[in-house]
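Reader: I am new to this structure and would like a close look at a single part of it. Please take me through that part in one connected answer.

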Amino acid sequence: MQETLNYINENKQRFVDELFELLRIPSISADPAYKDDVLKCADVCAAYLKDAGADNVEVCKTSGYPIVFGEKLIDENLPTVLVYGHYDVQPADPLELWTKPPFEPYIEKTELHPDGAIFARGSADDKGQFFMHLKAFEAMMKTNTLPCNVKFILEGEEEVGSVSLGDFVNENKEKLSCDCILISDTHIYSNEQPTVTTGLRGLSYVEVEVEGPNRDLHSGLYGGAVPNPIHVLSRMIAQLIDEDGRITIDGFYDNVEVVSDEERAEMNKLKDNPEEFKKSIGLNGVEGEKGYTTLERTSIRPTLDCNGIWGGYTGEGAKTVIPSKASAKISMRLVPYQTPEEITEKFTKHFEKIAPANVKVKITPHHGGMPYVLPTDTKEFRAAKNAMETAFGKEVLPYRGGGSIPITAMFEQVLGAKSVLMGFGLDSDAIHSPNEHYGLFNFYKGIESIPLFFENYTK
């Protein structure tokens with residue numbers, strides 16, 4: 001391992017320079033205007049993979065953006081690790097809130113990153129994180145220390161729901177066959193308290209519409225005599241959560257996992273600090289389901305949130321109308337044993353039930369995803385924990401994340417392999433937001449930890 005670490009230390013600056021090349025490509029999968037950039041990014045990833053020493057590197061066509069594949073098979077008797085990442089990024093809007101242009105990467109020191117952080121769209125989600133794997137692989141290849149077989153799959157549609165990935169995986173089971181999957185698209189609790197993510201919540205996402213009159217009405221002529229869809233929708237949304245922070249949908253909690261007191265005690269070793277939490281997001285108070293800590297509310301408990309609401313006139317100046325329609329987008333984060341199909345159906349029935357008789361309601365399901373848990377008694381978890389403890393020189397704790405990566409459940413179902421969520425970002429890295437950044441310390445710790453994972457897992 002020392003030889004591998006020496007190679008990493010000798011090439012740190014080059015690794016960052018090459019990452020900058022990748023970050024300059026605006027590979028925004030959600031916007032067709034950036035199609036050529038997304039395709040270019042796939043080609044650049046393939047070139048880096050080939051230069052690092054991978055064989056059979058391909059830019060595989062799909063119904064959407066291509067998937068980059070490569071592998072290094074050294075011995076059929078050794079385990080195979082499949083590394084997953086995504087090269088597409090979120091849109092950078094609103095551009096005016098960025099300190100510098102989002103696709104012109106630069107390094108700046110911050111309070112949390114005294115060694116400096118890389119600022120750019122995609123720096124933490126997920127280019128900076130999957131690039132750690134390419135550079136760790138390169139280091140193992142150049143020092144002849146790769147201990148097992150490795151395969152890479154990099155997709156270009158994660159930020160739009162991994163539309164083509166499921167079909168690709170199902171059609172290429174043999175090509176992608178592996179013993180475990182390694183993903184760096186999550187974060188650690190802090191640089192002082194590193195963690196391995198052992199769980200992610202699932203997702204049910206719906207759009208709702210309330211329709212009242214058959215056209216927008218003059219608020220002077222009709223106000224006070226007809227239902228206002230904005231008012232009705234607002235009242236309906238408000239009814240979905242009670243004063244104790246519990247979701248009121250009939251049967252919503254029927255299949256929720258009951259986490260043991262022992263596991264709750266273990267996760268709360270992470271020193272939940274409400275004051276620090278409030279300060280980090282500019283609030284003077286928090287709320288949530290009664291009887292649970294902030295850590296528990298954001299990881300082991302299901303949630304419901306209104307993500308957007310609109311209706312009527314929202315342009316400049318005034319237009320006195322009662323709108324014909326009002327709409328909202330609602331997401332529900334799910335925990336083990338809940339399914340998106342079950343929760344979407346229960347939401348639909350409940351929302352229709354609480355709607356007043358004088359309006360029409362329409363519910364449109366969007367994407368969803370299953371929750372995922374990696375048990376802490378598995379060899380996959382132990383390999384990750386030991387690797388990070390060696391790299392950080394500190395105890396590493398299990399940590400359940402609040403977000404969703406629906407592909408983890410799909411990978412396990414199709415490939416029969418567990419996913420190890422060994423991410424190195426921080427939740428303050430502003431992913432999906434202006435001024436996204438990724439600490440140099442975290443970037444380098446990831447590159448150091450990955451070869452240790454391969455070594456530990458092989459043993």
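What distance separates the centres of domain 1 and domain 2, taken over C-alpha atoms?

Author: The model is a predicted one, and the part to look at is the interface of its two domains. Taken over C-alpha atoms, the centres of domain 1 and domain 2 are 37 Å apart. Where they touch, domain 1 contributes 7 residues to the contact and domain 2 contributes 8 residues.

As for the chain itself, domain 1 is made up of 1–200 + 371–458, while domain 2 takes in 203–256 + 302–369. Each domain is thus listed as two segments.

Next comes the area. About 520 Å² is buried between domain 1 and domain 2, and 64% of that lies on carbon and sulfur atoms. On the side of domain 1, the residues that lose the most area to domain 2 are Pro 371, Ser 404 and Pro 406; together they account for 71% of what that side buries. Pro 371 is also the residue at which the second segment of domain 1 begins.

Sorted by class, the side of domain 1 that touches domain 2 holds 3 nonpolar residues, 3 polar residues and 1 charged residue. Between domain 1 and domain 2 there are 0 salt bridges. Polar contact across this interface comes to 1 residue pair, with both residues at pLDDT 80 or more.

To sum up the interface, about 520 Å² is buried, with 1 residue pair in polar contact and 0 salt bridges.

Note on methods
Residues are numbered from 1 along each chain as its sequence is written. This is a predicted model: local features need pLDDT of at least 70, side-chain atom pairs count only at pLDDT 80 or more; totals for chains, interfaces and linings use all residues. Side-chain values use heavy atoms; hydrogens and water are left out. Domain bounds come from an automatic or database domain assignment. Contact means heavy atoms within 4.5 Å. Buried area is the accessible area (1.4 Å probe) that two parts lose on being put together, summed over both. A salt bridge is a side-chain nitrogen of Lys or Arg within 4 Å of a carboxyl oxygen of Asp or Glu. A polar contact is a pair of N or O atoms within 3.5 Å; within protein, one must be able to donate a hydrogen and the other to accept it, and residues adjacent in sequence count only if both atoms are side-chain atoms. Ala, Val, Leu, Ile, Met, Phe, Trp, Tyr, Cys and Pro count as nonpolar, Asp, Glu, Lys and Arg as charged, and the others, Gly among them, as polar.
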